[in-house]
Structure formats: structure tokens, C-alpha cells
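Colleague: I would be grateful for a close look at a single part of this model, with the terms spelled out as you go.

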Amino acid sequence: MHVGVLPLCLAVATGTADRRPNVLLVIVDDLRDSIGAYGDRVARTPHFDAFAAGALRFEHAYAQYPVCNPSRISLLTGLRPETFGIFDNKTPYRKKIPEALTLPRHFRRAGYHTVKIGKVFHDGPAFDDPEAWDEASVPGGVAGYDVGEGRQLLASLPWCRWVASDAPDEHHPDGQAATEALRVLERRKAGDPPLFLAVGFRRPHDPFIAPRAYFGLYPLDRLAPPTDRHGPAADPPSAIPSANRFPFDDRDRREFMRAYYAGVSFTDAQLGRVLGALDRLGMADNTVVVVTSDHGYHLGERGWWNKDTLFELATRVPLMVRIPGMKTGGRTTRRLVELVDIFPTLTDLAGLQAPPGLEGRSFGPLLAAPDLPWKNAATSVVSRGAFLGRTVRTERYRYTEWDEGRHGVELYDHDHDPAERHNVASDIHHVRARLALRALLHDPVARDGSRNSAAPRKERSR
């Protein structure tokens, strides 16, 4: 365990009392940084924002794959997609790596009472780890929760629809998930083993169904969808999964955007119920809380309304962590971390021995010292059928290769181009950065900070 973390996490068994912290892991489906605490002026997210005020907020946290199943496998096994070889939403992890020790199973073996509520692994029992949980439930909602005013935006895409439901929060799957989480917390009593509780909220994932009140937070005439409907011509063909972008008119774009944000605010309310219960029950002082997403999302940028790209919008995720005794609550760190780091971090904070073979790195020290020198880079990968796209992100740059460069190369300088609009991979002024970033992409030892000399230095602006 890192010396700087031990005083913060109470991860010590003393006498007969188990003082190890409880763990609450919240995974929100398809959530980009559409949160007030991340600077989004549209989002109405008071509970995310209140949690951020007492947590460390990570500005540069990245998913290893911008689609649900591979991303969640990576988070829950501590392995990278290239290692387990799953690049789709159809293949359960047990078909490729049946021997993998998952995060919740590791905690269960260590004496934690493990509970799953909602979507944690990907959908369905085949994707889950049957040995990971003492209890598991996946609420499906009360019949009719998806009835109300709505519209199918694209006839060719069944998922592309929204419904402003007439049903109350508690009739929706996520409302039921929050209620079940409260039940688990409220029945806790002295002498119980420490709790590992994983809660997966589905919204804002499509189809975009949320109670009507949350749609009302976002009047259509106050929304401003992106205008770059066709994307920059300089993008390699593989950068967006389909050449057929969404043929939306202005009304479609505004309704899609409103429906996505309504889902965010609905989940915000459910998160608030769970976090409020921790405070009310006096459990917050001995619970590690991690709130994150499985990947990001495009809301019309480059004409794309989905995930599955290697741009910042699809690979970057919100990540906020609060631990007992925290002295850095309310602060932000710009250091690079990845979802694959969550497994070793939680074992670190709980005082457990990390299993061998994990490919992430505990970011526990950053919780005490957010400005520590850290990883040189984070990586993500995506499949385009016959080949892979791979990207590496430093604090300044993003560098991407499609099929090791045979299908295109991208380089973006975030100091001057945070929206990744200008691919400077062929710019002579960025040759040194491109070479250094390519080395990072292909050298995991250099990426994790072991050889800081491999990190590209800042180039003078020209």
C-alpha cells in the first residue's frame, strides 16, 4: 500500500472490529462530461455537483474502449482490451478469459459482502461473474414506465427515440435501482462485514426514456446543438464508425440533445438518493465512493450522435472519488488516469493485496497529492472490423493510428485545439511530438511514467 494513502482510508482491521472501508462504485452508462461540476452550463446536476465539492475530480480520465462491454470488462478485470481480445458487445469475458479474477470477486474473497444492482457488467447473466456477488439484482421497471410523449427520430434505428414518461421515478429501472441500494444500506448493522456495493445506472443510455419532469429542465429553444454536421474533411475514413452520419434536422438535434440531458438529470436525482442515504445513515465517513462512466459520447460533434470513436468526446469519462478522511475534497487533478486503474486503486484503498497481472496502476497517491507527477499517457482502442484504431493521450496531445498508420494517423494539440478540429499529423512543426507520441503508443513502460524522458516536451507555439 502507498504510504500517502493509508491515513486516509481506514483500511486496517483492529481487534475484532473490521475497520476496512465500505466501497460504493457507481457506473453511469454513456455519460460524457455533461455535468455542471465539469463546466457544462446546460446540465442540471445538483447531486453530481455536490458530490464533486467533497471529492477529487479527475479532469483527464479515459476509458480503454469507447463501447459498453469491452470498457466494463477492462474496468472490472484490470486488463486492457488488447489483452482479453474482446472488441464488441456480443462476447462475454468468460469466453476469452474465464480464469480472470474480477474486482468484485476479489473483494468477496477478501471477506466483503458484495452486492450488484443494475448494469455493472454488460447486459445479461452471460456477461456477469456468477462468483462475484453475494446478492445481485437488475431492476426492469414497472410495466408502462416507458409510456408518454415521445418520438422516433430515425425509423432505421430503433434505439434512436425518446419518451418523456408519465411514470414516477420509482417506476423506472434506475429509480428502482436507487431504491434497492437504499434498502441494502439501511439494513446494515454493527458487526456486518464491510460492503462492496456496485450500482449501475442506465440513463442517459438510449432509448432516451426519463420522467417528464426532467425533460422540462431543458426547453428546446435554449439548446444549441453543434453545427458541424458533416465533420472535418481531414478525418480519416475510419475515425467515425459509419460514413452515413445522422440526417437530422434542427428539431431532431434539439430533441436528441434534450433527451440525453434529461437522462443525465434523472440519474443525477437517483445518485442523490443513494449518496443522501450514506450521509443519513452515518456511513459516509467509512465509505470509499467512486462515480464514473463506461465511456463518453458525441452529441452532434462531427455529425455523430453516439460513441465508438477515438476522439476525446468518446474516450474521456467523468471520474470523481471520495475517500474517508479526505483532505483534497473539492479539488481537481489534471493527471492522466484510466478506468483500468480502478481495480488496483480500490484494492489499495481497502488494504487488500492486488492480484498479479493487473495492467492498471493505483492512483491512490493522487487522492492525497493531486499534483504529483504521474502517468505520461493514457490509451484507448477501438475495432473497425479487420483492424484496430489505437490512440494515446498525454496532458497536451492526442495521437491516433488506424491499423498502425496504414489507414490514417491523427495528431491534435489540445493546448491550441481542445475540440480536435485540426489534425496536425503531417505538420512539419509537430514532427518531434508525433515521433515521441508514437513511441508512447507502442511502449507501455514509458506510458506509466517509469521513463519520464519519453514524454513529449512542449513545443514552442508557431
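Colleague: Across which strands does helix α7 lie?

Modeller: This is a predicted model, in which local features need pLDDT of at least 70 and side-chain atom pairs count only at pLDDT 80 or more, while totals for chains, interfaces and linings use all residues. Residues are numbered from 1 along each chain as its sequence is written, and side-chain values use heavy atoms, with hydrogens and water left out.

Helix α7 lies across β5 (113-118), β6 and β9 (195-201), contact meaning heavy atoms within 4.5 Å, and α7 runs at about 170° to β9. Helices (H or I, at least four residues) and strands (E, at least two) are DSSP runs numbered from the N terminus; angles run from 0 to 180 degrees between N-to-C directions, along axes fitted to C-alpha atoms, for helices over the stretch in contact.

The strands under α7 belong to an open sheet of eight, ordered β6-β5-β9-β3-β11-β12-β4-β13, with mixed pairing; two strands pair if DSSP finds at least two bridges between them. At the edges of this sheet stand β6 (135-137) and β13 (332-338), each of which pairs on one side only, and the twist from one strand to the next averages 15°. At the β13 end, β4 and β13 pair in the parallel sense over five bridges, and Y62 stands opposite E338 in β13.

Helix α7, residues 173-186, also has a helical partner, for its axis and that of α9 come within 9 Å and cross at roughly 5°. That makes α7 roughly parallel to α9, a description used for angles under 35 degrees. On the α7 side the contact includes D174, A178, L182 and E186, and among the residues met in α9 are F266, Q270, R273 and V274. By class, this contact holds eight nonpolar, four polar and four charged residues, where Ala, Val, Leu, Ile, Met, Phe, Trp, Tyr, Cys and Pro count as nonpolar, Asp, Glu, Lys and Arg as charged, and the others, Gly among them, as polar.

Helix α9 lies across β3 (22-28), β9, β11 (287-293) and β12 (316-322), running at about 175° to β3, so that β9 is a strand across which both α7 and α9 lie. Helix α9, residues 250-280, also lies across β7, β8 and β10, at about 55° to β10. These three form an open sheet in the order β7-β8-β10, with mixed pairing; β7 (148-152) and β10 (208-211) each have a single partner strand, so one side of each is left without a neighbour in the sheet.

Notes:
Angles under 35 degrees count as roughly parallel, over 145 as roughly antiparallel, 65 to 115 as roughly perpendicular and the rest as oblique.
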